[in-house]
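Visitor: I am new to this one. Please show me the structure, and then let me ask how each label is earned.

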Amino acid sequence: MSVLSPEIHAELNQLLQALQSPDNGVRSQAEEHLQNNWTNTRPEMLLMGLAEQIQGSQEIPTRSFAAVIFRRIASKTRKNDAGLNVDFFISLPAEQAAAIRQKLLEALGTETDRNVRNKISHAVAELARQYTENTIIESQHESTVLEAFQKGFGDEAVSVRLVAMEAFAAFFRTLGKKAQAKYYNLIPSVLNILVPIKESGESDDLSKALVALIDLAEAAPKMFKPLFSNLVSFSVSVIQDKELDNVCRQNALELMATFADYAPTMCRKDPSYTSDMITQCLSLMTDLGEDDDDAAEWLANDDLDQDESDQNHVAGEQTMDRLANKLGGQTILAPTFGWLPRMMTSMAWRDRHAALMAISAISEGCRDLMIGELSQVLDLVEPALKDSHPRVRWAGCNALGQMSTDFAPKMQTDFYDRVLKAIIPVLGSPEGRVKSHAAAALVNFCEEAETSVLVPYLDQLLSHLFELLQNGERYVQEQALSTIATIADAAEKAFGKYYDTLMPLLVNVLQNQGDKEQRLLRAKAMECATLIALAVGKERLGQDAMTLVNLLANIQNNITDADDPQAQYLMHCWGRMCRVLGTDFLPFLDSVMPPLLELATAKADIQLLDDEDQVEQMNGEDGWELVPLKGKMIGIRTSTMDDKHMAIELLVVYAKVLEGSFAPYVANLMEQVALPGLAFFFHDPVRFISAKLVPQLLSSYKKAYGCPSNELAGLWTASVDKLLEVLVAEPAIDTLAEMYQCFYESVEVVGKNCLTPEHMEKFIEGVKSTISDYKDRVDQRAEDRAGLAPEDIEDDDEELAMAIEDDQTLLSDMNKAFHAIFKNHGSAFLPAWQRLMSDYEAFLNSPDQTQRQWGLCIMDDVLEYCGEDSARYANYIQKPLIDGCQDQAPAIRQAAAYGVGVAAHRGGPTWSQFLGGSLPYLFQVTQFADARNEDNVYATENACAAIAKILQFNAGSVGDVQAIIPQWIETMPVINDEEAAPYAYGYLTTLMATPHPAVANQASKIFMFVAQALESEALQGQTATRVAAATKELLQKANVDPTPQLEQQFGPEAQQVIKGYFS
């Protein structure tokens, strides 16, 4: 039954016809009429009319077009009564919206034409998105939705079933987890669609179905659990069916890999999943080099960047990598190595190639297990570098290169001889692609190698690489330059021996401003020359330094094409030369800065994509990222963002190296680059690096003008409000931690009394928002895990650990911001700070270790920087400190012991009674089991220092000091904590000056405590000198010669250090 009158429908039908007119004028008038007379004035009537046209029109084109217009109108945004932008449909009165929605769902259930059903499904999915983002579909409509989809899945036409699958996947992804569970019962009907499609042999249709399943598997993999074994068997049958096209087979592989990504435990427990997937991956990895058995075509192709992502062998490699990372070595190593030895001895080169690429693919994910078996793995790989087939030798180089990265530094420390002796001869291969890849593998190895490892092999390495530079194809020369640059970076000063041979070659390349084909070679030569400059240093460069920067300037002046690769290389080369030359680089800044500023101030290149064709086109383009936003898709040009990030990163280098000399650029950079970058929400890395730039710019001004100075104060005044603003606005947890770091580093630079009371209030507002969001995340994690099956919790563990780590980093950096404010403002911060007292109290009493530690560290700062004013908060602080000393968590004991120590040192007489009572608990900290192991030693040493502070600064609180001193000496030494050591040894020096009997009677022991601290550098500078002098005097008075102890207990190097203090 129609809600609207026939007259309304006649008007609407006429409008729909006009909107489809081939006449541009008629169509434009219709669009204007739609906007002014319907969308703006009668939105409810428009959507109801369209729903009834979809449901009741006799004309298929009308129903189809009405569904398209319905979705378009419903997905618009408009301002509500509060002035906020909201989705169009959800802004309608609830009763009218429900009636329209019901009409649309009924139309989906009764529509007979598959194309129209497809259009209606998209409209339904849009409404579902809006409802799930704002509320939940009411239960009375769930049955209608279920029925509509069930009917689609059971349709006799395959095409209709496919549309229903795609629509269901789109709809399902918009639902929350609780709402999703109501639709799990549809999965058997969804899967029943697959077999008939496969039997029809229609690869395109089967691909579409598999893509829809991939979307569902990403959203809720566990709903497939009852039928997972069947789905594994079906997918494997598709992967191995060579009658189907490769895209279809790869989609089946992707579906299975998606389950590994999102439900690894379910995959591990399936009896056939792991073995079947490894078998199929290895089989796909042998599918390469068709009609190219001798690799002639492969060797003739010098396009090393050719996209092979659609090839079966690449799909197999990538899936092996994912399986290893998600299922782990315990699951995949045995079945994988069940195949590899056989494949390595196979007569077919493709099998040997696949085995080597499998080793490359799984090494990262299987690191923990494979690292203990590296010798045996190398036994498999090394012979491949002498294989008769060039592609197998290439794969052998690839395996060694990947292993050098994934098993670093063990490959470099334990197996360097085997690796280098295997790779170096391959640099002399007759095939360009093979020797180039051998050079590339050396980059991986040398990046993680110590200078001492490389030095014995430098002659061999560089003689081969010099030969490649002079005789190889251009791409071989380019790779040789990259490898030489990496070796120079790793070898450092040892590379100086080869400087005179290589630098003239590089200068010659840079002077040759030849054809475009040489541009990348020159770019690599620039990179190599500047890395060598960094390695050998300014002194060794001599006049070549000016020659090099002048060549760089000349190249920069001749760059005219936007795609010239030299431009980006140049930016990094200038940065390296700045680090080499220091302030001597200043004359070149005027040339360097303009292109850098152009990149650093670039705006975001963003496009709103209106239809699926645009989305599909952009999805295939490099340098773009697609971001879903309220049912639409936003395209962001990531290449521009990457360049912006690189430019700001280099500005950080210039500010850091040039310090005060960079001041002329600082004000403009702060205004145009750094502060806007903090709120550049299109690209997290840009915000991250902008947060690094701000304190560096402030530091440059401080070095140039001093502190306090009008210039620094002006820059800070122009910046501080923005720094405080982003503490509330930043959405990403890891980047928010960087924003707190930016803030506290900036406060440390500007120093005392840099914040006004208003600033402190704004800071507390930001903290309040951060803590509130943090609590919500903690609660949400607990809610999400409540009632989960053990395997679900196991799958969630890695993601949960990362989320908790992000929160811990955030709390830590927020804590450092509190510390910086207290340090530079003392008690002036208390009025703003105490607004969050209920939060501090909750954290101090929390069962969560991270929260207790955070609360204790905050209170430690109050004790340390607010002096006697801290006594106002004694009721909040005292019990957590005593409880903390007894906590099982070493970090809590450390924070508590430190707090007691600063109360003794800074808190004044009001803390005396508390301090006397705390001594037994501090001694208890030093007596925990394994008190000096890696986990506990900092708590132990802080307790030792805290007792020393009580005895030195608040001895009146202690009943029998003379009885306590010998006990305290037994808590020594302090050799790890550089903050605690000066207090402990400072008090020890006081005792030695008397000398106190407790030290006079055991001078040898005291010497050992001091010597250990000197060796570990826990004591440094004047403190170390003063303590050593007191110890020397004690030894003389006690007539003790420490030489035998010194020689027995310390190595030659440590003896020299210690003797230096006692000579």
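Guide: What follows takes the labels one by one.

Guide: This is a predicted model, where local features need pLDDT of at least 70 and side-chain atom pairs count only at pLDDT 80 or more, while totals for chains, interfaces and linings use all residues. Residues are numbered from 1 along each chain as its sequence is written, and side-chain values use heavy atoms, with hydrogens and water left out.

Visitor: How many helices and strands are there in the protein?

Guide: The protein has 56 helices and 5 strands. Helices (H or I, at least four residues) and strands (E, at least two) are DSSP runs, numbered from the N terminus. Along the principal axes, the C-alpha trace spans about 110 × 75 × 60 Å.

Visitor: What makes a residue count as buried or exposed?

Guide: Buried means under 20% relative accessible area, exposed means over 50%, and partly exposed lies in between (1.4 Å probe, protein chains only). Of the 1063 residues, 52% count as buried.

Visitor: Why is A384 called buried or exposed?

Guide: A384 has 2% relative accessibility, so A384 counts as buried. A384 sits in the loop between α22 (374-381) and α23. Its C-alpha atom is 42 Å from that of V580, which is 196 residues away along the chain.

Visitor: How do you know how many disulfides there are?

Guide: A disulfide is a pair of cysteine sulfur atoms within 2.5 Å. By this rule the count is 0 disulfides. Take C754: the closest cysteine sulfur, in C707, is 8.5 Å away, so the two are too far apart for a bond. C944 is in no disulfide either, as the nearest cysteine sulfur, that of C885, is 14 Å away.

Visitor: Are those two cysteines, C754 and C944, buried or exposed?

Guide: C754 has a relative accessible area of 9%, so C754 is buried. C944 has 0%, so C944 is buried too.

Visitor: What makes a space a cavity?

Guide: The test runs on a 1 Å grid over the protein atoms alone: a cavity is a set of points where a 1.4 Å probe fits but cannot get out. Grid points are joined across faces, edges and corners, and a volume is the space filled by probe spheres set on the points. By this rule there are 3 cavities of 30 Å³ or more. The second largest cavity holds about 60 Å³ of space.

Visitor: Which residues line the second largest cavity?

Guide: Lining residues have an atom within 4 Å of a point. Among those of the second largest cavity are L108, R117, S121, F149 and A164. The elements giving two or more residues to this lining are α6 (114-134), α7 (139-153) and α8 (158-172). The largest share, 4 residues, comes from α8.

Visitor: What classes of residue are in that lining?

Guide: Ala, Val, Leu, Ile, Met, Phe, Trp, Tyr, Cys and Pro count as nonpolar, Asp, Glu, Lys and Arg as charged, and the others, Gly among them, as polar. The lining has 7 nonpolar, 2 polar and 1 charged residues.

Visitor: Why is A164 called buried or exposed?

Guide: A164 has 6% relative accessibility, so A164 counts as buried. A164 is in helix α8. A164 and S121 are 43 residues apart in sequence and 7.4 Å apart in space, C-alpha to C-alpha.

Visitor: Why are α31 and α33 called roughly parallel?

Guide: Axes are lines fitted to C-alpha atoms, for helices over the stretch in contact, and angles run from 0 to 180 degrees between N-to-C directions. Angles under 35 degrees count as roughly parallel, over 145 as roughly antiparallel, 65 to 115 as roughly perpendicular and the rest as oblique. Helix α31 (residues 519-541) and helix α33 (residues 566-581) pack at about 5°, with axes 9 Å apart. They are therefore roughly parallel to each other. Their contact has 13 nonpolar, 2 polar and 7 charged residues.

Visitor: What makes a positive phi or a cis bond worth a mention?

Guide: Most residues other than glycine have a negative phi, and most peptide bonds are trans. E492 has a phi near 55°. E492 lies in the loop between α29 (474-491) and α30 (499-511), and at 44% relative accessibility counts as partly exposed. N753 also has a positive phi, about 55°. N753 is exposed, at 59% relative accessibility.

Visitor: Which residues does a cis peptide bond join?

Guide: One such bond joins A408 and P409, with omega about 0°. Another joins T994 and P995, with omega about -15°.

How values were computed. 1 Å grid on protein atoms, 1.4 Å probe; cavity = no way out; pocket = protein on both sides within 12 Å on 5 of 7 lines; lining within 4 Å.
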